[in-house]
Amino acid sequence: MELVVRTVTRPELDKAVEVEEKAMKGSGYLRDVSELFLSDEVGPLLGAYKDGEELVGIAKYTVLADHTAWLETLRVAPEYQRQGVGRRLYEEFQKLSREKGVESMAMYTGLKNIPSYSLARVFGLDTAGRYREYQLDLAGVAMPADAGDFRPVGEDEAVELLMALKEKYEGFVIFNRTFMRINEPVIRQLAKEGKVLRDEATGSVMAFGNRFLEKRSVQIAMMGGDYDKCIAWAVKVGLEKGVPQVVTEVPLDDEALGQVFVDHGFKAAAELQVMSGPAC
Ligand SMILES: CC(C)(COP(=O)(O)OP(=O)(O)OC[C@H]1O[C@@H](n2cnc3c(N)ncnc32)[C@H](O)[C@@H]1OP(=O)(O)O)[C@@H](O)C(=O)NCCC(=O)NCCS
């Protein structure tokens, strides 16, 4: 199969969504993040075109705050899988990384997604962490009486607060399944976006908010201190925003932290792994 890889243009969005829906059996999100993806001037939404015409695969190249390439939304139409389309898109990622001087890359996939894991291994990525997602369905949940008073902190304080939780979270802060290494550039960026919060009365801290898909959930990316207060805050904001869920990722081996969420009514959902390695 002759493949051409180039940037997906705005008028081709429906075709890209079609590829995603076929590959993910309806559980995609591309349409909802398309504005962010298509307006990203740093990393393109790539399309693989059979004979230069039919769109058969897509993948978004994103550069995170610490200059890691984040490979996301990689989808190949089922009838074209196992014919080298994913490989071709990875090669394009490597080329982009060389051009931009990006030295490391990462992606996530389900713990049981053998095709995605195997393809990442071909390109030298390896498992860097395993996490379980927990989801709280907000339908019928009452507004918490005392959710504390979490407020955004400045960059320096954010670095100090989140670095202290780095080990607990096994090195990654995760918003909307975007796994970012816990380091200074990432934390400073989160603080700039108002996503590092502290409750003065209890000294509790959270990385909280969304990277995208704001209508689907609020995300507890990290929390420390009084867990009840942190979760109450997330529930409060979720209810105020009218989103259906609070979502969080917990290191797979941290059963105690997982239990905290279960005790608050969260249900264990997907098991995910983040994979990382050299970018080219
Ligand atoms: C994961 C996915 C993108 C792979 O794309 P693809 O075009 O089928 O992959 P390629 O044909 O380029 O495969 C390249 C190599 O990856 C590995 N690989 C791909 N699919 C595999 C499978 N089903 N089982 C084992 N290894 C596999 C192999 O090493 C393969 O090389 P080979 O065919 O010479 O043995 C595709 O299966 C897909 O879209 N899946 C649904 C969406 C998804 O899971 N996306 C991942 C992000 S969560």
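User: What makes up the lining of the second largest pocket: how many nonpolar, polar and charged residues?

Analyst: The split is 10 nonpolar, 2 polar and 5 charged, where Asp, Glu, Lys and Arg count as charged, Ala, Val, Leu, Ile, Met, Phe, Trp, Tyr, Cys and Pro as nonpolar, and the others, Gly among them, as polar. Keep in mind that this is a predicted model, with local features needing pLDDT of at least 70, side-chain atom pairs pLDDT 80 or more, and totals for linings using all residues. Numbering runs from 1 along each chain, and side-chain values use heavy atoms, without hydrogens or water.

User: Which residues line the second largest pocket closest to its centre?

Analyst: The pocket holds about 390 Å³ of space. Of its 17 lining residues (an atom within 4 Å of a pocket point), T62, V63, L64, E193 and R211 are the closest to the centre. At least two residues each come from α2 (30-38), β3 (54-63) and α6 (184-192).

User: Why is the second largest pocket said to lie between domain 1 and domain 2?

Analyst: Because domain 1 (3-102) and domain 2 (132-271) both give residues to its lining. The domain bounds come from an automatic or database assignment.

User: What makes α1 and α2 oblique?

Analyst: α1 (residues 13-24) packs against α2 at about 135 degrees, axes 10 Å apart. Under 35 degrees is roughly parallel, over 145 roughly antiparallel, 65 to 115 roughly perpendicular, and the rest oblique. So α1 and α2 are oblique to each other, and their crossing is right-handed.

User: How do you know which label fits α3 and α4?

Analyst: α3 (residues 85-100) and α4 (residues 114-122) pack at about 45 degrees, with axes 10 Å apart. That makes α3 oblique to α4, and this crossing is right-handed.

Note on methods
On a 1 Å grid over the protein atoms alone, a cavity is a set of points where a 1.4 Å probe fits but cannot get out, and a pocket is an open set with protein on both sides within 12 Å along at least five of seven lines; lining residues have an atom within 4 Å of a point. Grid points are joined across faces, edges and corners, and a volume is the space filled by probe spheres set on the points. Helices (H or I, at least four residues) and strands (E, at least two) are DSSP runs, numbered from the N terminus. Axes are lines fitted to C-alpha atoms, for helices over the stretch in contact, and angles run from 0 to 180 degrees between N-to-C directions. A crossing is left-handed if the near helix is turned anticlockwise from the far one by less than a right angle, and right-handed if clockwise.
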